[in-house]
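Q: Please take a close look at a single part of this structure and explain how it is placed among its surroundings. I am new to this structure and would welcome one connected account.

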Amino acid sequence: MTERKYDLVVLGATGYTGQYVAEEVGRIVEKQPSLTYAFAGRNKEKLERTLETARANTGLDLAKAELLVVDVNDEESLKKMAAQTKIVINCVGPYRYYGLKVVKACVEEGANHVDISGEPQYLEQAQLEYSEAAREAGVHVVGSCGFDSIPADLGTTFLQEVFPGDVNSVKAVVTMDDDSEGKASINFTTMECAVLGLAHSNELKGVRKKLFTTPLPKPSFKAEPRGKLFHSDEAKRWCVPNMAADHSVVMRTQRILYEKEQMRPTQFQVYFGMTRFNAVLSIFFGILFYILTKISFTRSLLLKYPEFFTGGVVTRQGPRRSDLTGLKFLVVLTGKGWDRKLEDPAQQHTEPPNVTKTVRVKGPDPGYFGTAILVTQSALTILEEKDKLPQEGGVFPPGAAFLKTSLRQRLEKKGIQFTVDE
């Protein structure tokens with residue numbers, strides 16, 4: 001990479017999740033003091049508070065941290081920031097409003113980009129609009145590098161790697177580990193992104209029609225259909241459909257790996273796992289939530305009074321840090337397939353799947369401590385292993401971007417485990 005003032009810039013460091021990402025960058029720099037970095041946001045006073053809080057929470061002086069005033073609604077401000085750094089860690093949401101502006105500035109000024117978005121429309125729109133320009137600029141833009149959706153995406157490619165033959169289908173259950181202690185509220189921006197995504201979900205069809213112009217091979221054996229509520233023996237949880245970004249992200253990776261690496265794509269289903277009572281409750285709440293997002297008036301009420309409509313689960317202040325320290329996530333991925341591989345990834349097996357294998361991805365609190373580790377290690381991987389990333393550049397989901405890198409091993413050193421059930 002060309003010499004630039006900063007190796008890393010955390011954009012949106014004054015936000016709730018941005019604070020955790022800023023602190024994780026500080027910990028990394030303590031061990032890799034040659035790295036240069038800055039925290040960026042709209043307000044200088046808030047940036048100074050972010051730095052003070054980071055010093056208090058990490059016990060580090062963070063003497064090398066610089067502060068940049070950057071307005072995501074000001075194109076020149078974004079371009080000036082992007083021109084100074086090798087990679088931008090973008091924590092500014094909702095990405096529906098701000099994400100493409102940051103991607104555009106990074107591509108035009110030659111900065112790599114990672115984000116923590118769980119918004120399929122933004123992620124797919126970025127791939128549609130900027131893949132070619134990013135490739136020509138030698139820039140890698142990798143979205144959904146937080147809990148959405150590295151555990152599911154890298155977990156799926158890990159399962160494919162350890163599977164004895166071809167994988168026909170993967171069932172993923174996203175839940176909290178048995179060792180997890182306590183519970184925490186959800187930051188408002190997370191809900192805002194979900195509300196806006198559901199409200200505009202019909203717009204995705206047009207994006208996908210342009211982005212996915214050729215169909216994937218049609219599997220001879222369809223994944224086992226599941227109802228709205230079922231029990232997973234592997235996860236030991238009752239499961240309901242997961243409407244977040246994981247399915248979109250994993251299937252984009254599968255498509256890219258099929259087209260670029262001649263790897264057989266798998267079918268993918270993803271669910272939330274919980275107790276039976278909570279699962280039934282979540283179905284009713286999910287139906288109500290969906291209806292509220294589809295009507296303009298009720299949608300505005302939902303966004304104006306999130307605490308009331310969610311019973312305090314979602315707050316504008318975000319969860320208390322003390323509530324997060326005992327939380328641990330678990331993603332259980334069960335693959336069904338065969339004990340042998342066919343040479344042609346488009347060729348179909350004629351006999352039913354005869355092998356089942358399960359892998360697990362475990363880590364700390366998913367939303368904040370975990371996401372901070374995931375996105376910062378993604379950024380470091382781009383900085384240090386860019387020659388192992390696909391093509392000269394482009395817009396990629398994490399599973400496709402980091403397939404040939406050491407990201408999984410980096411995450412394991414930071415306490416995020418990828419294991420195989422024996």
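A: **Helix α2 and the sheets**

In this predicted model, helix α2, made of residues 44-58, lies across β2 and β3 and runs at about 150° to β3. One residue of helix α2 is R55. With a relative accessibility of 34%, R55 counts as partly exposed. Leaving aside residues up to four places away in sequence, R55 touches L60, D61 and L62. The C-alpha atom of R55 is separated by 47 Å from that of T356, and the two residues are 301 residues apart along the chain.

The strands beneath this description belong to an open sheet of seven strands with parallel pairing, in the order β3-β2-β1-β4-β5-β6-β15. At the edges stand β3 (66-69) and β15 (394-396); each has a single partner strand, so one side of each is left without a neighbour in the sheet. On average, and with direction ignored, neighbouring strands of this sheet are turned by 20° against each other.

Strand β2, residues 37-41, is mostly covered, since five of its five residues are buried. Y37, F39 and G41 point one way from β2, while A38 and A40 point the other way, and all are buried. Strand β1 (residues 6-11) runs parallel to β2 and is joined to β2 by four bridges. Within this pairing, V10 has F39 in β2 as its bridge partner.

Further along the sheet, strand β5 (residues 112-115) and strand β6 (residues 140-142) run parallel and are joined by two bridges. Here V114 stands opposite V142 in β6. Helix α1, residues 16-31, also packs on the sheet, where α1 touches β1, β2 and β4 (85-90), and the direction of α1 makes about 160° with that of β1.

A further open sheet has seven strands in the order β9-β10-β11-β7-β13-β14-β16, and its pairing is mixed. Its edge strands, β9 (230-232) and β16 (417-420), each pair on one side only. Neighbouring strands of this sheet are turned by 30° against each other on average, direction ignored. Strand β14, which spans residues 355-364, pairs with β16 in the antiparallel sense over four bridges. In β16, T419 is the residue that R360 stands opposite.

Helices are also placed on these strands. Helix α9 (residues 246-261) lies across β7 (167-176) and β11 (267-274), and α9 runs at about 155° to β11. Helix α10 lies across β10 (237-241) and β11, running at about 10° to β10.

Helix α10 also meets another helix. The axes of helix α7 (residues 188-199) and helix α10 (residues 276-294) come within 8 Å and cross at roughly 70°. This angle makes α7 roughly perpendicular to α10, and the crossing of the two is right-handed. From α7, the contact is made by M191, V195, L198 and A199, and from α10 by F289, Y290, T293 and K294. Sorted by class, the contact of α7 with α10 has six nonpolar residues, one polar residue and one charged residue.

To return to the starting point, helix α2 lies across β2 and β3, and its residue R55 is partly exposed, whereas the five residues of β2 are buried.

Technical notes. Residues numbered from 1 in each chain as written. Predicted model: local features only at pLDDT ≥ 70, side-chain atom pairs only at ≥ 80, totals over all residues. Heavy atoms only, no water. Axes fitted to C-alpha atoms, helices over the stretch in contact; angles between N-to-C directions. Parallel < 35°, antiparallel > 145°, perpendicular 65-115°, else oblique. Left-handed = near helix turned anticlockwise from the far one by under 90°. Contact = heavy atoms within 4.5 Å. Nonpolar A, V, L, I, M, F, W, Y, C, P; charged D, E, K, R; others polar. Pairing = 2+ DSSP bridges. Buried < 20%, exposed > 50% of the residue type's maximum accessible area, 1.4 Å probe, protein only.
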